[in-house]
Amino acid sequence: MPIIGIDLGTTNSLAAVWKDGKCQLIPNALGEVLTPSAVSIEENGNILVGRAARDRLVSHPECTAASFKCFMGTETELMLAGKAFTPIELSAFILRRLKEDAEAFLGEKIEEAVISVPAYFDDNGRSATKAAGELAGFRVERIINEPSAAALAYHKGKDTDMSFLVFDFGGGTLDVSVVDAFSNVIEIVTVAGDNHLGGDNFNNAIALYFCEQNGLKLSALPRETQASLIRQAEHCKIALTTADPVMMVSEIEGQQRSVMLTNQKLVEISAPILRRLEKPIARALRDCQDAVGEIDEIVLVGGSCHMPLVQQYLRHILGKTPLCDFDADTTVAIGAGIAAGIKERCQDLRDTLLTDICPFTLGINVINRDDASNDLFSPIIERNTTLPASRLRSYYTARDNQTKMSIEIYQGEGIYCRDNLKLGSLEIEVPRAARGQEGADVRFTYDINGILQVEVTCKSTGQKQQALILNPNLKMDEKALKKRIQELEQYKLLPREEEENKVLLARAARLYEESTGMLREQIHQQIDFFNLLLHEGVEPKLRRYRKDLNHFFDQIDAHLSSDDEIIRAFHDDYLDDYEDEEDFDL
């Protein structure tokens with residue numbers, strides 16, 4: 001039974017499988033490999049996932065959610081149609097759809113998946129991802145860091161030794177990794193990142209700039225209008241990858257408003273975002289103690305790396321031209337698919353070895369002599385330690401006649417325990433003695449699947465206490481898991497065979513919201529006619545009309561996102577006083 005690899009992304013999700021000696025991307029019901037990470041609830045309770053849900057962000061924002069990956073591992077709840085859902089549950093709907101697509105593609109049941117996560121996800125984020133996989137019906141034994149998956153995909157088939165920096169910049173997260181690769185071994189050396197930095201930040205910056213230039217306040221606008229503006233801002237951002245300048249036009253409160261946007265202006269309004277890119281890069285290079293000159297290549301991964309200003313800014317700060325000669329959107333999924341093939345022990349992958357690292361330091365609490373109420377953090381396994389790892393440290397009693405030692409386990413980099421994530425605790429009894437005369441050895445064993453085993457041994461008696469550190473808030477026992485799966489079963493995913501029609505209707509509803517006048521009336525007429533054809537149920541007619549209608553909607557989208565005459569006029573003036581694209585004076 002095959003194991004699939006999944007890239008559970010902020011903006012898009014996709015799956016891959018190692019089959020017939022190569023990694024194959026798995027298409028969804030629309031024949032596309034990218035499934036937008038959006039979920040929407042219809043009036044009848046059906047769950048829409050993917051493109052149809054993404055378009056309903058504009059027409060039905062109160063029933064729709066996207067970009068919820070940034071909340072994974074938190075207690076955040078999102079309201080959809082008056083019902084509360086956790087990011088775990090919303091992610092589970094995405095994973096359920098990918099599971100159905102994989103089973104349709106492969107013609108057999110899929111029970112296990114390797115799922116990628118941002119390298120800088122802490123235990124909460126990783127546990128939440130595993131829980132989402134379990135709710136979707138997967139067995140999830142292996143979590144792989146996204147830049148590690150990208151490194152696996154990038155180096156597969158290459159026979160040269162190299163050191164490269166993976167810059168993984170997606171819709172909502174940034175990971176930076178330094179990788180050493182030789183023969184069939186890919187060794188992750190260091191990781192750093194920012195779990196709240198991605199393409200969404202640029203979308204919001206563009207929408208805010210649009211409002212500022214038109215005397216509006218984004219947060220004061222209706223939710224539908226906010227969603228529409230942010231979507232149009234995303235279109236402008238994407239358009240700037242191939243055209244410069246572009247125009248953003250929207251009708252708000254009965255008045256048409258617009259703004260012209262260039263890549264140079266985007267640099268100016270995004271200056272705080274660009275500066276945030278530097279910290280993870282510097283940390284990754286500092287931890288591996290390599291100079292930029294010792295890095296052979298800079299490999300770009302993630303949809304946000306398509307942006308010219310991101311590529312130019314990296315060249316500006318690193319002095320090297322980033323490598324973007326492959327599909328940045330699918331690299332992580334391909335790497336996850338290869339990792340799934342390795343776990344499945346596929347014959348042609350037996351010589352491939354990926355060594356990963358611990359992204360955060362793991363340690364315990366020790367007494368702070370200056371402030372007894374504020375324990376210090378004592379590291380046992382340092383960040384960037386190659387996995388699997390086992391480390392032992394000795395600790396001693398802090399008081400005379402102490403009979404117990406309380407060991408609290410933390411993850412993080414803060415000097416004080418309060419600044420780190422608490423993972424668990426355990427106690428061990430020790431004989432009474434003067435302070436510092438009794439103690440315990442604490443051993444941490446951390447495996448490549450992210451499971452931490454803690455063993456504490458009393459030095460004088462040899463008594464042991466052991467624990468697998470599992471997050472009690474996010475890891476469900478078998479009974480709780482079955483109960484929650486049954487609860488979520490009431491929400492039925494739209495059947496795959498109906499998805500293409502729903503996608504078209506959702507797109508029509510979005511364009512209706514964004515249009516006015518005669519154009520809006522035309523869209524309304526097309527929707528009515530399409531609904532008549534759906535009622536007739538004659539598939540050949542539907543197939544032909546879907547093609548024509550999609551072409552019609554493509555023209556409307558192009559009309560709404562640009563104005564050729566204005567752009568051409570502006571472009572002539574713009575060229576006269578064009579500034580150097582390499583000038584990043586932030």
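What volume does the second largest cavity have? The second largest cavity measures about 50 Å³ in this predicted model. A cavity is a set of points, on a 1 Å grid over the protein atoms alone, where a 1.4 Å probe fits but cannot get out. Grid points are joined across faces, edges and corners, and the volume is the space filled by probe spheres set on the points. The model is predicted, with pLDDT of at least 70 needed for local features and 80 or more for side-chain atom pairs, while totals for chains, interfaces and linings use all residues. Residues are numbered from 1 along each chain as its sequence is written, and side-chain values use heavy atoms, without hydrogens and water.

Four cavities of 30 Å³ or more are present. The largest has a volume of about 80 Å³. Its lining (residues with an atom within 4 Å of a point) includes Leu8, Phe68, Met72 and Phe121. Lys69 and Ser91 also belong to the lining of the largest cavity. This lining comprises five nonpolar, five polar and one charged residue. Ala, Val, Leu, Ile, Met, Phe, Trp, Tyr, Cys and Pro count as nonpolar, Asp, Glu, Lys and Arg as charged, and the others, Gly among them, as polar.

Around the second largest cavity, the lining residues include His155, Lys156, Lys158 and Ile186. Two nonpolar, five polar and two charged residues make up that lining.

The largest nonpolar core has 46 residues. Such a core joins buried (under 20% relative accessible area, 1.4 Å probe, protein chains only) Ala, Val, Leu, Ile, Met, Phe, Trp, Tyr and Cys residues through side-chain atoms within 4.5 Å. Phe167 and Phe169 touch the most other members.

Conventions:
1 Å grid on protein atoms, 1.4 Å probe; cavity = no way out; pocket = protein on both sides within 12 Å on 5 of 7 lines; lining within 4 Å. Buried < 20%, exposed > 50% of the residue type's maximum accessible area, 1.4 Å probe, protein only.
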